[in-house]
There are 2 protein chains.
Amino acid sequence: MSDSVKYVLDENEIPKQWYNIAADLPEPPTPPLHPGTGQPLSSAELEPLFSRAVIEQEMSTERYIDIPQPVRDIYRQWRPSPLYRARRLERALDTPARIYYKYEGVSPAGSHKPNTAIAQAFYAREEGTKRLTTETGAGQWGSSLALAGSMFGLDVEVFMVRVSFDQKPYRRAFMESFGAKCIASPSAETAAGRSILADTPDSRGSLGIAISEAVERALERSDTKYVLGSVLNHVLLHQTVVGLEAIRQFELADDYPDTIIACTGGGSNFGGIVFPFLGRQLRGGEAVDILAVEPANCPTLTRGKYAYDFGDTAHLTPLVKMHTLGSNFVPPGFHAGGLRYHGMAPLVSQCVDLGYVQARAYHQKECFEAGLEFARAEGILPAPEANHAVIAAMDAAQECKKTGESRAILFNLCGHGHFDMPAYMDYSAGKLHDQAYNEGDMAMALAGLPSVAN
Amino acid sequence: MSDSVKYVLDENEIPKQWYNIAADLPEPPTPPLHPGTGQPLSSAELEPLFSRAVIEQEMSTERYIDIPQPVRDIYRQWRPSPLYRARRLERALDTPARIYYKYEGVSPAGSHKPNTAIAQAFYAREEGTKRLTTETGAGQWGSSLALAGSMFGLDVEVFMVRVSFDQKPYRRAFMESFGAKCIASPSAETAAGRSILADTPDSRGSLGIAISEAVERALERSDTKYVLGSVLNHVLLHQTVVGLEAIRQFELADDYPDTIIACTGGGSNFGGIVFPFLGRQLRGGEAVDILAVEPANCPTLTRGKYAYDFGDTAHLTPLVKMHTLGSNFVPPGFHAGGLRYHGMAPLVSQCVDLGYVQARAYHQKECFEAGLEFARAEGILPAPEANHAVIAAMDAAQECKKTGESRAILFNLCGHGHFDMPAYMDYSAGKLHDQAYNEGDMAMALAGLPSVAN
């Protein structure tokens, strides 16, 4: 009954290079555009915002990019992360499927986010930056950047969506434990924030607003850079350590995934586990079925439009081509703050557009139910975001039971739920509802897509 | 700046046997006594309470005891746990000391506690037990047993000290996520609880009271066993996987500890890391300095008496010989619930009495300060209990700086602080105080030690 298996790699098998899917796509990645001119942005135009090294990565079509040794040195604290064969869950489901999960909750922040936070903090420090600004929704990303900043001696300012700031004081305290400053967004500290507060004094905030504030702050200070925890190419690049390790671990297991599943908010944990496998397929290797799972309340891939849009609410960011619900779309409240973003990583969107990736949406209550079933079988309580991958993997395993087929299903368990107990308490108390988004609001947000590029 | 080192073992190096210090002590362990007669208890007398397998382990003087394969199979989920060389902390302290820590926060409950919870649940299931009862203070132990119960299909009832039950709803929710029932103690469900509530309707509870309730519950049901998360010999035995792995990891590091440090509440994380090293010393191997660190508010080893005492408040348990503050001693409030116990593991007490182990007490504010300094250097936020080991290790490293000596200091980082953010928030807000215990209360509790055995 207790033979779930862990595939462990030695730390000298932490990847030495990240994998860049742009090298293997049949068409180049869509470039970010200047919102005024609709023309592709130059590196120089991005420099006020981002470190030079990550701009270069953002534009790169090199297949492999070296991971700096100081970054690998810190990765060693928790990497390589384990790959598990979930035999107890398989037995509980009575399925012929072989279920595997890569577990990123072993990082000191409890999710995959430090994989890129450490890299971005390293490059910023190398280029003489003193301070990093960012936004956070649920707090996973802010926590990871706080941690990364403390490793490299950088000040960190996190604009945290007001509703999370109020609901998740422990997340805020975690960031502050690492010396970061955490500011409720919208705030009076930026023009973007003040403008929102003037219109809506009791604004609950959104990721789009918080991004505007963090970007504004970086633009006004020469010693400060903005860092993003998802969406952009370089962030997904840094996350590919997840999939690269998993490929090696499947060799140890003498198996290979038929299906790969991950949840998608901005797309970084998804790209991280999927791209190295997809790259093999694109280079003529093993084909895999790939499924992106999103919340039914914020159905970017299943209901959004594939178009150029702003990444933020105040329209300070470049335009990027992605599946979007419109930069003014505000999803109804639900307990997976990491998946409440109106857009999607351009690389993930492109892979969906090219037909390499299928997408499916689930409601939150069924996700919590699946998460608890997983926890009781495997002993790990997933983050609410990760529950979206859990339920889809369990459904795929149930499908195998129907067909009698034994498929290998891999999913990314991108974080643990230790900071998400209020959500589980609400679920158990019957207080969670599957609130629908407003169709009219979505239509209006989509109608407001910038015309310059579309 | 970023070269902290992790020593990882392959999972086939998870120990196959636990180590029993009783085999190497110069005198036999002190036996538990019947409180009525003062005579050593027979195995049969303990059977209504405990599984036969753990009673046998409790009495055993065999040096090595086999770890059942199903227990090792579950250990594999997070074991072997990493040993780190804390080079970033060393640099922050500018010390010639070599600081190592064994990190038990990688377990799915976030602490060392599952090492014994899994074993005890396994034996109970093997012997046909349907239900386990236990108590929990801060919630680490209850969480671990909830997890273990779900792995082996056992019902779990946790009596949680009322003050923690109210202050730590997330811990309770974590236990409930794994299907356990969590009851505030004192409760109306047991005679012991009703008796306390009759006297003190607003009782905040204590570990001693919660033990009484859990024990009573097991005694009244033939399908139910009581399990304890610390103090007893078999619990410390199960925790020796920690030290056994560390010995092997020090071989990889080509080093050996001069000093070993762990915090002590009931003594299980301490015994777990220390005993395998102490055993080598007792068998003529390398000598080590050993330090037990306790809270100044509950100074069992530094201020208690070494005498036979009850483990619980209602005096339902056997008498065990240990350093004790008296079973009616209630320490003032402080944020390390796992260290708020009036007694100490008999084996740890005996080692202190024999002069193998030194003890030192710290106040909580200095512990939190040290914990934050550690977090900012090493990236891991420790549990408040573990901060007691952190500060003592940092002090030992500072001592090396004064003397210029490069000693190897090993400490047990027995759990992470993800569930303890309210404590860190109170610390950061200046709300924590180093409340002294009442000398008169302690004297009265000590005067009440049972006369039958002392």
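The radius of gyration of chain A in this predicted model is 20 Å, which agrees with the value near 22 Å that a compact globule of 454 residues would have. Taken along the principal axes, the box filled by the C-alpha atoms of chain A comes to roughly 60 × 50 × 45 Å. Within chain A, 19 helices and 15 strands make up the secondary structure.

Of the 454 residues in chain A, 67% are buried, and when contacts between residues at least 6 apart in sequence are considered, 77% of them join residues at least 24 apart. The exposed area of chain A is about 14,700 Å², of which carbon and sulfur atoms supply 47%. As for charge, chain A carries 41 positive and 54 negative side chains, with the centres of the two sets lying 3 Å apart.

The following table collects some values for the whole chain.

| Property of chain A | Value |
|---|---|
| Buried residues | 67% of 454 residues |
| Contacts joining residues at least 24 apart, among those at least 6 apart in sequence | 77% |
| Exposed area supplied by carbon and sulfur atoms | 47% of about 14,700 Å² |

At the level of a single residue, Arg131(A) belongs to strand β6, which spans residues 131-136 of chain A. The side chain of Arg131(A) makes a polar contact of 3.3 Å with the side chain of Thr224(A). If neighbours within four places in sequence are left aside, the residues in contact with Arg131(A) are Asp155(A) and Glu157(A), together with Arg221(A), Asp223(A), Thr224(A) and Lys225(A). Thr224(A) thus appears both in this list of contacts and as the partner in the polar contact of 3.3 Å.

Notes. Residues numbered from 1 in each chain as written. Chains lettered and ligands numbered in written order. Predicted model: local features only at pLDDT ≥ 70, side-chain atom pairs only at ≥ 80, totals over all residues. Heavy atoms only, no water. Helix = DSSP H or I, 4+ residues; strand = E, 2+ residues; numbered from the N terminus. Rg over C-alpha atoms; globule rule 2.2 N^0.38 Å. Buried < 20%, exposed > 50% of the residue type's maximum accessible area, 1.4 Å probe, protein only. Contact = heavy atoms within 4.5 Å. Areas by Shrake-Rupley, 256 points an atom, 1.4 Å probe, with all protein chains shown as cover. Lys, Arg positive; Asp, Glu negative; His and termini not counted. Charge placed at Lys NZ, Arg CZ, Asp CG, Glu CD. Polar contact = N/O pair within 3.5 Å; in protein donor to acceptor, adjacent residues only side chain to side chain.
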